[in-house]
Each structure stands twice: as C-alpha cells, then as structure tokens.
Amino acid sequence: MLMFAVDPRTVLLVCAALNLLLAGMLILVSMQAPNVKGVRQWALADLCMGLSMALGSQVQYPASPIYAIIGAIFLGLSVGLVYTGVLAFKGERVRRWIPALVAGAILFNNYIFGIIYFNAQIRISVNFMIVGGIYAICARALFIRIEQPLRTAYWLAAGSMGLFSLIAIARIITVLNSPAQDVSMFTTSGINPLVLLFTTLLQMSMSFAFILLVNYTLSHQLNELATTDALTGLLNRRNLETLANRQLTHSKRTGESLAIMMIDVDHFKRINDQYGHQAGDEVLRRLAGLMQSIVRGNDYLARYGGEEFCILLPATTEGQAYVLAERLRRLYAELIVPWQHHALGGTISIGIADSNGDAEDIPTLIAHADLALYDAKRRGRDQVITYTEYASELVRTKSHADAPDHAK
Ligand SMILES: Nc1nc2c(ncn2[C@@H]2O[C@H](COP(=O)(O)OP(=O)(O)OP(=O)(O)O)[C@@H](O)[C@H]2O)c(=O)[nH]1
C-alpha cells in the first residue's frame with residue numbers, strides 16, 4: 001500500500017495554494033473570454049475548493065469542528081459552482097441557487113453527523129455521495145461526441161470527474177466497512193492516503209481541463225470566424241477555395257467530375273436602394289437557406305462575395321448540376337421574402353462549369369463558371385447557362401464572324 005512520505009495536511013495546503021492559483025488564472029481567462037460561458041463559475045469553484053482544502057487541513061475532529069463546518073460550506077459551493085459552470089458552458093439554463101443548495105446539504109450533513117450525533121462514517125459517506133454524485137452528473141454532461149480538439153478537453157474534464165465519482169464510491173464502501181477511528185481523512189492507513197492523493201490530483205486535472213476547454217473553445221470560435229461568412233453562416237471564399245482545391249485533387253484521383261455553380265442575385269442593387277441594406281441582407285440569408293435546403297450533405301456552399309454565391313458539387317457533372325440549378329432558379333423565382341409590409345421577390349442567374357473540360361485548376365474552373373454566369377446575365381438574367389453552352393456559342397459566333405460575307 002502506498003504511504004505518504006509527507007503529512008496529509010501539508011498535501012492539502014499545497015493543493016489549496018494550487019487551487020487558488022488556478023482560480024486566479026481562470027478569473028484572468030474569464031476576463032479575456034467573456035463570450036465563453038461558465039468560466040467565472042469555474043474560477044469561483046477553484047477559489048472555494050482552495051479555501052475548503054486550506055480549512056480542511058486544519059481540522060481536528062471532533063475537537064475543533066468549526067474549520068470542518070466552514071470547509072464543508074466551501075466544498076459544497078465549489079462543487080455546485082462546477083455544475084452551474086458546466087451548464088453555463090453548454091449554453092443550458094443555470095439555476096443560481098444550486099451552489100447554495102449543495103453547500104446547504106453538505107453543511108446540514110456535517111452539522112448533524114459532525115456535531116449533534118457524531119458519526120464519522122455517515123458524515124464522510126454522505127459528503128462523498130453528494131460530491132461524487134454531482135461530479136458524475138457533470139461528467140455525463142461533458143462526455144459527448146464532439147469534434148477534435150474540443151473532444152480532448154471535454155473528455156479530460158469528464159474523465160477527471162468520472163474518476164472522482166468512482167473513487168468516491170470506493171471511499172464510501174471502505175468507510176462503511178472500517179472502524180470509526182480509521183476513517184478520518186488524515187489516517188495514513190487503508191485506502192485513505194490513496195483517496196486523498198487521487199482526489200486532490202483529480203481536482204487539479206479538472207481545473208486544467210477547464211482552462212483547456214476555454215482555450216479550445218476560443219480557437220474553435222476564431223476558426224469559425226475565419227472560415228465562415230457572418231451574414232449567412234456559409235463558408236467564406238477563402239475556405240471554399242481551400243476545400244475546392246482538396247476536392248479537385250480527390251476528383252482527379254478518382255476520375256469523378258467536380259462541378260461548380262456560381263449564383264448571383266439579379267438587380268440586387270435595386271433591393272438595397274428601394275428597401276435598404278437590411279432588406280438586402282435578409283434576401284441574401286433567405287437565398288442561403290434555400291440553397292442549403294436543396295443540396296446534398298457532401299456539397300459545399302459558400303458566399304463568394306457581395307450577392308454572389310458558389311456551390312461546389314463533388315462527383316457531379318455539368319448536366320447534373322444544371323438540373324439542380326434549374327430547380328434552385330425556379331424556387332427562388334417563387335420565393336417571397338416578407339419585409340416590413342412588403343413582399344420582396346426577384347430572380348437569380350446561374351453559371352455552371354465542371355472539371356471534365358480543360359479546367360486544370362480551381363481558379364480556371366471558377367473563371368469558367370463566372371463566364372457562364374455573366375453570359376446568363378447578358379442573355380437577360382433569370383436563367384442557367386453552362387460553360388459548355390457559353391463556349392460553343394462563342395465558337396459559333398466567332399466562326400460566323402470569320403465566315404465570308406456570302407456564307408452569312
Ligand atoms: N444588403 C447587402 N448588399 C450587398 C452586400 N454585399 C454587396 N451588396 C450590394 O450588392 C449590390 C450589387 O450590385 P451590382 O453588382 O450592381 O449587381 P446587381 O444590382 O445585382 O445587378 P446584376 O448583378 O447585374 O443583376 C451592390 O449594391 C452592393 O452594395 C451585403 O452583404 N448586403
């Protein structure tokens with residue numbers, strides 16, 4: 001059995017100091033990341049845990065119960081704050097009275113079984129039951145499927161809390177099966193030293209996980225900002241080009257065709273001029289929603305700029321994209337956008353190109369779709385033109401122009 005070479009009270013004091021330091025760090029983090037919810041609660045939880053450990057290190061049961069009682073209040077507040085922090089972090093409704101309720105429950109238990117009917121086994125078991133139970137609920141809330149690297153932070157926090165709950169169960173079983181004089185936190189026999197060591201280490205690991213959660217959430221938010229368009233939530237142009245290059249390489253390897261659709265709202269300036277910029281924004285949002293509703297899961301949608309959108313269609317030919325584009329054009333023509341007692345309507349023009357032709361790279365493919373789009377505009381708008389159609393028309397008019405006068 002592992003033995004502590006140092007006094008358990010010293011361990012508690014050192015961990016108390018570390019918790020206070022981590023609390024300070026989380027307070028600074030919460031000031032830098034006000035839009036990540038829950039961090040303030042976690043900072044306060046660390047503060048309370050630090051105070052609880054510091055007071056706990058001074059407990060001389062049953063001679064001086066006051067440290068134990070105040071320590072228990074801070075312990076309850078800390079665990080309750082961790083729980084409300086997890087709720088806030090996940091964007092769920094936070095009931096502010098939860099920390100007070102947990103502290104009250106722990107205080108009641110310690111008062112009854114620490115002072116009125118002194119029974120260390122029941123007192124310790126109930127304390128561990130409350131703390132372990134709440135950490136188990138927090139662990140369940142954070143043990144979710146989520147993309148990396150966020151998953152590492154979620155699972156580190158969940159793992160620390162889950163492990164704490166398991167240790168709490170082990171502690172309850174041994175406490176209930178040990179003689180009363182052996183159950184104190186400071187008894188260096190049985191599993192007590194291990195419990196003290198692991199629970200304090202798990203407290204540290206939870207705090208590190210919270211810092212990691214904030215850090216990864218912030219970098220995730222930054223990444224979202226850098227890669228998506230704020231108005232429509234679609235990919236932005238830069239992100240689309242990166243994805244399109246990757247997709248083209250894949251298409252060349254598999255021999256599949258990659259289609260690109262460029263979509264532009266007709267006479268959009270008039271909507272802005274007549275109803276204002278916000279009405280224009282609403283039209284763009286509705287068009288984005290319409291596009292999202294008709295594409296497949298592996299297609300990419302992007303706002304290419306202003307009122308121009310782009311859809312990247314893997315494993316799709318120009319002809320197949322044409323069918324989809326026609327559907328989108330018709331749906332948009334039927335769409336009515338309600339705006340301040342007005343019903344806004346309009347049309348879109350679409351240009352399409354695919355990688356089966358002579359487009360070797362993404363800039364060329366986009367340029368081809370753009371040429372087709374502007375041909376659609378030139379021909380009177382509200383229509384879909386493919387690059388093949390545009391190019392053959394070009395050849396026809398050129399040969400017509402080059403033909404001798406008598407052949408025209
Ligand atoms: N509301 C709003 N307007 C935008 C946004 N981005 C660009 N615009 C406007 O979109 C309009 C584009 O106008 P034009 O390029 O002349 O094109 P158009 O009026 O759609 O005409 P055609 O494309 O030739 O049919 C301009 O008035 C821009 O100010 C935006 O994010 N929101």
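Which side chain has an N or O atom 2.8 Å from a nitrogen atom of the ligand? The side chain is that of Asn-272. The points below take the ligand site first and then the rest of the chain.

1. Status of the model. This is a predicted model. The protein averages a pLDDT of 89, and 93% of the residues score at least 70. The scores for the model are ipTM 0.94 and pTM 0.70. Where pLDDT is low, the predicted coordinates should not be read in detail.

2. Polar contacts of the ligand. Besides the pairing with Asn-272, two pairs that involve ligand oxygen should be noted. An oxygen atom of the ligand lies 2.5 Å from an N or O atom in the side chain of Arg-303. At Phe-268 the partner is a polar backbone atom, 2.7 Å from an oxygen atom of the ligand. The ligand taken alone exposes 670 Å², of which the protein buries 68%.

3. Where the shell comes from. Three elements each give two or more residues to the shell around the ligand: β1 (259–265), α9 (268–275) and α10 (277–294). The most comes from α10, which supplies 4 residues.

4. Make-up of the shell. The ligand is surrounded by 16 residues, and the closest are His-267, Phe-268, Asn-272, Asp-281 and Arg-303. By class, the shell holds 8 charged, 5 polar and 3 nonpolar residues.

5. His-267. This residue, one of the closest to the ligand, sits in the loop between β1 and α9. Its phi is near 50°, a positive value in a residue other than glycine. For comparison, most residues other than glycine have a negative phi, and most peptide bonds are trans. Is His-267 buried or exposed, or does it fall in between? With a relative accessible area of 34%, His-267 is partly exposed, because buried would require under 20% and exposed over 50%.

6. His-341. A positive phi also occurs at His-341, at about 65°, although this residue is not a glycine. His-341 is in the loop between β4 (337–339) and β5 (342–344). Its relative accessible area is 87%, so His-341 counts as exposed.

7. A cis peptide bond. Which peptide bond is cis, with omega near 0°? The bond runs from Gln-148 to Pro-149. Pro-149 belongs to the loop between α5 (120–142) and α6.

8. Pro-179. A further proline, Pro-179, is placed in the loop between α6 (150–176) and α7. Its relative accessibility is 42%, and therefore Pro-179 counts as partly exposed. Along the chain, Pro-179 and Ala-120 are 59 residues apart, while their C-alpha atoms are separated by 9.8 Å.

9. Domains. The domain assignment gives domain 1 (8–227) and domain 2 (237–407). The C-alpha centres of domain 1 and domain 2 are 55 Å apart.

10. Asn-236. This residue is located in the loop between α7 (192–227) and α8 (237–254). Why does Asn-236 count as buried? Its relative accessibility is 15%, and buried means under 20%, so Asn-236 qualifies. A polar atom of the Asn-236 side chain lies 3.0 Å from the backbone nitrogen of Asn-239.

Technical notes. Residues numbered from 1 in each chain as written. Predicted model: local features only at pLDDT ≥ 70, side-chain atom pairs only at ≥ 80, totals over all residues. Heavy atoms only, no water. Near = heavy atom within 4 Å. Polar contact = N/O pair within 3.5 Å; in protein donor to acceptor, adjacent residues only side chain to side chain. Areas by Shrake-Rupley, 256 points an atom, 1.4 Å probe, with all protein chains shown as cover. Nonpolar A, V, L, I, M, F, W, Y, C, P; charged D, E, K, R; others polar. pLDDT = per-residue confidence, 0-100. Domains from an automatic or database assignment. Buried < 20%, exposed > 50% of the residue type's maximum accessible area, 1.4 Å probe, protein only.
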